Amino acid sequence: MAGHGIPEAYLEGYDRILAAAAATGRRLTRDELDSRRALGERAADAGLGLRALVGAHLAATRAHWPAAGDAPADRVLAAVEQAVDALAEGYERAQRLAVRQQEAARREFVDDLLHGRSDLGRLAERAERFGLRLSYEHAVAVAQGSRGYEEGDAVPREVEGALVGRFGDRSILLTTKEGRLVCIAPGDQGEVLAFFAKHAYAAVDGARVVIGRPQPGPGGVVQSYEEALNALDLAERLELDEPVLHAADLLVYPVLTRDRQAMADLVVHTLGPLRDARGGAQPLIDTLTAFFDSGCVAAEAARRLSLSVRALTYRLERIHRLTGANPADPVHRYTLQTAVIGARLLDWPDQPF
């Protein structure tokens, strides 16, 4: 065993290289440099520390200095510099390759996990390497901004640093998928996803974050992920203002659209007469949307639409005359509001059916 806990094998030939280079003052040959690079790669693969490796070579330099005879010190030091530089180059090259391989394995695992590919048992085994126990419940939060992000970008690193700084290693996996930030956490640790949502919203330009429901078992991650993606799509189509949403709060919308034909019939039957209004149906649908979103408070709805309360009231009266349904009447309100939601989900009247 050489000094600094480094086996002698990782200094093989160093004394001969040092003596030959120091005696003549020549630079190390290509073969000599390649041998040092190869030893550096082997040391990295074996998990030896670069600091300890360099220390062992410096110790060997002192031990073999007499072998250089009366050679000037600058010759010896020049040979040491070349040898150690080649050694470090090989070590760093092996580390970069290992990182790339690890990143590729991580990306493959994330793809399989979020798309439900691969055998679930094998997937659960691979998950443990990344700190996840898929036998437990997991929930997924997805953040989407105005532009896409890749693994290694500054924003994902910033959010991950905040998560690790706050919670440490708590079975959390932060990744990117199709330009979105994705956070996977145990289902009983809602504070982790809430923290992720807060920091992702602050870091991601124009962010909207959706938190999926906790789902059990190896397939739970993909279920929660898909639920979050569907909720993101709903939020965009409904033009919801809230930057952070919970998929559990949006469950009514998939129920409403499960029978698309029935919803289309309701929209056409209830709102179809609005197409006869001057300016078409869309301004009146926007009026109903603002009215319902403001809790049926006329003053607030008028403010959102930049109208006077009188103008808003006039529009509501027109809707009543054209459809026969009074937005201010609780009996009619539910039908109108459901039809308006259906119109937004089905992109009516822009997409006729």
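Helices (H or I, at least four residues) and strands (E, at least two) in these legends are DSSP runs, numbered from the N terminus. The model is predicted, so local features need pLDDT of at least 70 and side-chain atom pairs count only at pLDDT 80 or more, while totals for chains, interfaces and linings use all residues. Residues are numbered from 1 along each chain as its sequence is written, and side-chain values use heavy atoms, with hydrogens and water left out.

**View 1. Glu178 in the loop between β2 and β3.** Start with Glu178, which sits between strands β2 (173-177) and β3 (180-186). Its phi is near 55°, a positive value in a residue other than glycine. Most residues other than glycine have a negative phi. Glu178 counts as exposed at 57% relative accessibility; here buried means under 20% relative accessible area, exposed over 50%, and partly exposed in between (1.4 Å probe, protein chains only).

**View 2. Ser306 in the loop between α12 and α13.** Ser306 also has a positive phi, near 60°, and is not a glycine. Look for Ser306 between helices α12 (298-305) and α13 (309-323). With 68% relative accessibility, Ser306 counts as exposed.

**View 3. A cis peptide bond between Trp348 and Pro349.** Omega is about 15° at this bond. Pro349 belongs to the segment after α14. For context, most peptide bonds are trans.

**View 4. A salt bridge within helix α2, between Asp34 and Arg37.** A salt bridge is a side-chain nitrogen of Lys or Arg within 4 Å of a carboxyl oxygen of Asp or Glu, and the whole structure holds 11 of them. In this one the N to O distance is 2.8 Å. Asp34 and Arg37 are three residues apart in α2 (residues 30-45), and therefore about one helical turn separates them. Asp34 is partly exposed at 37% relative accessible area, whereas Arg37 is buried at 17%.

**View 5. A salt bridge within helix α8, between Asp233 and Arg237.** Here, too, the N to O distance is 2.8 Å. The two residues are four apart in α8 (residues 220-238), about one helical turn. Asp233 is partly exposed, with a relative accessible area of 35%, and Arg237 counts as partly exposed at 36%.

**View 6. A salt bridge from Asp293 to Arg344.** The side chains meet at 4.0 Å, N to O. Asp293 lies in helix α11 and Arg344 in helix α14 (residues 330-346), so the pair ties together parts that are 51 residues apart in sequence. Asp293 counts as partly exposed at 42% relative accessibility, while Arg344 counts as buried at 18%. Elsewhere, salt bridges with shared partners link Asp34, Arg37 and Glu89 into one network.

**View 7. Helix α3, residues 50-64.** At 1.5 Å a residue, the 15 residues of α3 should span 21 Å, and its end C-alpha atoms are indeed 21 Å apart. That expected span is 1.5 Å times one less than the number of residues. The buried residues of α3 include Leu53, Ala56, His57 and Ala60.

**View 8. A negative surface patch.** Glu239, Asp241, Glu242 and Asp286 form this patch. Patch members have over 30% relative accessible area and no salt bridge, with like charges joined within 9 Å. Asp286 is found in helix α11 (residues 282-293) and is partly exposed, at 36% relative accessible area.

Methods. Patches are made of residues with over 30% relative accessible area and no salt bridge: like charges are joined within 9 Å, nonpolar side chains (Val, Leu, Ile, Met, Phe, Trp, Tyr) within 5 Å. Accessible areas come from the Shrake-Rupley method with a 1.4 Å probe; for residues, only the protein chains shown count as cover. Lys and Arg count as positive and Asp and Glu as negative; His and the chain ends are not counted. The place of a charge is taken as NZ of Lys, CZ of Arg, CG of Asp or CD of Glu.
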